[in-house]
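Please open the model in your viewer and keep the selection tool at hand, since this tour moves from one residue to the next.

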Amino acid sequence: MLAAYAARISPDDPLSALEIGERPDPQVPDGWTRVRLRAAALNHHDVWSLRGVGLSADRLPMILGCDGAGVTDDGREVILHSVIASPGWSGDETLDPRRSLLSELYDGTCAEQVVLPSSNLVPKPEGMSWATAGSLSTAWLTAYRMLFSNAGVSPGDTVLVQGAGGGVATALVQLGSAAGLRMWVTSRDAERGQRAVALGADRAFASGERLPERVSAVMESVGAATWSHSVNSLNPGGTIVICGATSGDAPARAELTKIFFKQLRVVGSTMGTIGELRRLVDLVDRQGISPVIDAELALAEARDGFARVAAGESFGKIVLTMGA
Ligand SMILES: NC(=O)c1ccc[n+]([C@@H]2O[C@H](COP(=O)([O-])OP(=O)(O)OC[C@H]3O[C@@H](n4cnc5c(N)ncnc54)[C@H](OP(=O)(O)O)[C@@H]3O)[C@@H](O)[C@H]2O)c1
């Protein structure tokens with residue numbers, strides 16, 4: 001089958017580690033299901049994998065991809081839950097210390113087929129497009145948990161999203177505005193900020209710009225470049241929810257004094273449970289939300305999509321399409 005996979009690790013030139021080519025069809029272990037993919041969106045995670053973050057050389061070659069939707073051998077249209085718990089784990093799978101995401105221990109979704117535990121499938125609502133269904137498993141699930149499980153905000157509150165154009169950032173804006181939150185974004189690029197406003201954000205600011213008033217919560221995925229601004233932008237008692245550190249995880253200032261003096265909460269957030277994925281799918285379906293799509297590309301053209309994500313050029317999701 002055709003697949004996009006990490007053939008090697010390259011911390012400085014991730015695209016040189018990417019191959020698009022033939023891989024063997026997967027074997028289906030007992031209790032697992034084969035899904036013939038119809039759509040799989042890219043995430044920054046795929047670029048981290050090519051750089052060797054979360055993926056070691058002994059696990060190569062590894063098919064990339066954490067987002068996906070497709071059709072099982074018995075004809076069910078499904079959305080994939082990418083968090084794979086270890087055998088015997090019960091409870092919140094994101095808290096399993098031995099959990100993995102598809103493409104870390106088991107081959108991922110940038111392929112014509114993938115296998116995963118049969119319990120990791122959520123029915124695709126009738127009428128939902130494959131591009132939407134194939135975009136929800138990772139950035140959108142992460143955004144859902146950040147906003148609705150971890151931020152402690154209510155409709156009417158103001159939430160700042162650091163970054164405007166990323167997969168997580170656009171999902172936060174679309175979900176938050178649908179839920180009645182006042183969403184503000186920052187961006188390194190004024191045009192990307194305005195695109196976020198067109199998507200539902202209330203206002204856009206330049207990265208690091210002083211805000212007209214402080215906010216209830218900040219959604220962090222940028223890391224070092226925006227950390228101090230996140231701390232400074234919060235009301236006393238406010239919350240930073242952090243899911244990533246694209247610009248690095250060692251900010252120039254940790255801002256410890258401001259964090260305790262303003263009694264801020266700093267909450268780490270990773271992916272979500274299959275229950276949260278079901279609620280996300282239901283919300284997106286009922287509200288008629290269409291995740292903003294930067295580009296739809298055939299799997300054979302995946303390299304162009306990886307290049308756009310690696311360069312920080314994509315706005316929203318890049319969706320790879322497979323099959324009929
Ligand atoms: N913990 C989890 O479960 C989880 C899940 C999903 C993602 N993540 C992490 O979250 C991060 C974002 O993921 P993604 O897929 O949304 O990535 P992405 O699509 O590549 O988006 C990157 C975002 O970061 C902003 N950005 C990048 N460098 C910046 C800088 N130097 N200064 C200011 N803003 C900067 C961009 O904003 P502008 O270009 O608009 O300025 C954009 O919004 C990644 O590090 C990823 O690994 C974690």
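Is G312 buried, partly exposed or exposed? Select G312 in this predicted model, and you will find that G312 is partly exposed, with a relative accessible area of 30%. G312 sits in the loop between α9 (302-310) and β18 (317-321), where, leaving aside residues up to four places away in sequence, G312 touches R188 and R192. If you then add V231 to the selection, the C-alpha atoms of G312 and V231 lie 24 Å apart in space, while 81 residues separate the two in sequence.

Next, select R145 together with D92, which form a salt bridge whose closest N and O atoms are 3.0 Å apart. R145 belongs to helix α3 (residues 136-150) and D92 to the loop between β7 (83-84) and β8 (100-101), so this pair ties together parts that are 53 residues apart in sequence. R145 counts as buried at 11% relative accessibility, whereas D92, at 25%, counts as partly exposed.

Keep R145 selected and add E276, because R145 also forms a salt bridge with E276, with the closest N and O atoms 2.9 Å apart. Here the link runs between distant parts of the chain, from R145 in helix α3 to E276 in helix α8 (residues 274-287), 131 residues apart, and both R145 and E276 are buried.

Finally, select R253 and E255, whose side chains meet in a salt bridge at 3.7 Å, N to O. R253 is exposed, with a relative accessible area of 54%, but E255 is buried, at 7%. Elsewhere, R34, R36 and D73 are joined into one network by salt bridges that share partners.

Definitions and conventions: Residues are numbered from 1 along each chain as its sequence is written. This is a predicted model: local features need pLDDT of at least 70, side-chain atom pairs count only at pLDDT 80 or more; totals for chains, interfaces and linings use all residues. Side-chain values use heavy atoms; hydrogens and water are left out. Helices (H or I, at least four residues) and strands (E, at least two) are DSSP runs, numbered from the N terminus. Buried means under 20% relative accessible area, exposed over 50%, partly exposed in between (1.4 Å probe, protein chains only). Contact means heavy atoms within 4.5 Å. A salt bridge is a side-chain nitrogen of Lys or Arg within 4 Å of a carboxyl oxygen of Asp or Glu.
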